[in-house]
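Me: Got a minute to go through this structure with me? I'd like to start with any empty space inside.

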Amino acid sequence: MKRIIVTDSSCDMNQAMAEEIAISRVPFSLTCNGHHYIDDGSMDIDAFLADVDASDTVAQSAAMSPQQFMDAAGDADEIFFLTISGRLSSAYNSAQIAVRELREAGKKAHAFDSKAAAAGESAYLFRLHQLLQRNLSFEDILAQEEEIAQTNYTYFVLNDYSTLVKSGRLPRLAGNILATLSIRPICRGVNGEIGLKSIARGMDRGVVRLAEHIASEAVPFAERTLFITHIRDKERAEQVKREILARAPFGRVEIVEGGGLNACYANRGGIVVGF
């Protein structure tokens, strides 16, 4: 019996994870400043971010089709689809359609809504992987869905609000004031949407506040893996790792560079944490 996890490209990976987990990733497509990109792990993130900076409008993203999800499942007998939050993208709907088609073909398939993105989706992926490693049945894995959803955490702090301003999620005047005053909101994912936890002056203080919020969660840190997505700022990611580990003793830490979709919304210097 062959099993596979299929994710979208918001689920950030590093080489160690790619070698450890049996996974197939389906890319988003992105359009910005007249240029088209495929978020397949090989796109030029710096060129894309230059287009994001040069454009007065937000980059456009297109989710994958149900057929792309089915193709990624290949000849697997049991397929576990995992997507970015259904409140942020239609990827989850496409995965659900693929599930129906695969079930009609006699295969076992299920779509998980991570209710997260970037490192939060990576953390969900790893917990699914751990269940597969325990050789649990398909049905027993599905029975864990609610527990994972309720105990999977996503935090983020941004260094650049330009996409939020261009998309209308943040008024331009407010964005300019926040940037001028070096205000950095520390946010937490709440049921697939964004919730504000606190604000800090400057990115350094924002990272400390981020670590403090994470350490306050009632989580068995030693049993969990911490995922840190960074957008072209490995040094900042290492700082985040140090600040969090000084307060919360995670058993394992994986630093991953954000792909195209996550770079689009978190912008250069953005940090997303999942566990």
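Me: How many cavities of 30 Å³ or more does a search of the whole structure find?

Reply: One. Before going on: this is a predicted model, where local features need pLDDT of at least 70, side-chain atom pairs count only at pLDDT 80 or more, and totals for chains, interfaces and linings use all residues. Residues are numbered from 1 along each chain as its sequence is written, and side-chain values use heavy atoms, with hydrogens and water left out.

Me: OK, and what counts as a cavity?

Reply: On a 1 Å grid over the protein atoms alone, a cavity is a set of points where a 1.4 Å probe fits but cannot get out; lining residues have an atom within 4 Å of a point. Grid points are joined across faces, edges and corners, and the volume is the space filled by probe spheres set on the points.

Me: What volume does the largest cavity have, and which residues line it?

Reply: The volume is about 60 Å³. The lining is A123, F126, R127, Q130, E223, R224, T225, F227 and F275.

Me: Which element gives the most to that lining?

Reply: Helix α5, with four residues. The elements giving two or more residues are α5 and β11 (225-230). Helices (H or I, at least four residues) and strands (E, at least two) are DSSP runs, numbered from the N terminus.

Me: Is α5 largely enclosed or not, and why?

Reply: It is largely enclosed by the rest of the structure, because 13 of its 15 residues are buried. Buried means under 20% relative accessible area, exposed over 50%, and partly exposed in between (1.4 Å probe, protein chains only).

Me: What span should α5 have, and what does the model give?

Reply: At 1.5 Å a residue, its 15 residues (119-133) should span 21 Å, and the end C-alpha atoms are 21 Å apart, which agrees. The expected span is 1.5 Å times one less than the number of residues.

Me: What about β11, which way do its residues point?

Reply: T225, F227 and T229 point one way, while L226, I228 and H230 point the other way. Six of the six residues in β11 are buried. That back-and-forth fits the general picture: in a regular strand the side chains alternate between the two faces of the sheet.

Me: How does β11 pair with β12?

Reply: In the parallel sense, over six bridges; two strands pair if DSSP finds at least two bridges between them. I228, for one, has I255 as its bridge partner in β12.

Me: New topic: where does G259 sit, and what is it in contact with?

Reply: G259 lies in the loop between β12 (252-257) and α12 (260-266). Leaving aside neighbours within four places in sequence, G259 is in contact (heavy atoms within 4.5 Å) with D12, D39 and I45. At 15% relative accessibility, G259 counts as buried.

Me: Back to the stretch before α5: which loop holds K115, and what is its phi?

Reply: K115 is in the loop between β7 (108-113) and α5, with a positive phi near 55°. A118 is in the loop between β7 and α5 too, and has a positive phi of about 50° although it is not a glycine. Most residues other than glycine have a negative phi.

Me: Are those two buried or exposed?

Reply: K115 is partly exposed, with a relative accessible area of 35%, whereas A118 counts as buried at 3%.

Me: And what phi does N135 take just after α5?

Reply: A positive one, about 60°.

Note on methods. 1 Å grid on protein atoms, 1.4 Å probe; cavity = no way out; pocket = protein on both sides within 12 Å on 5 of 7 lines; lining within 4 Å.
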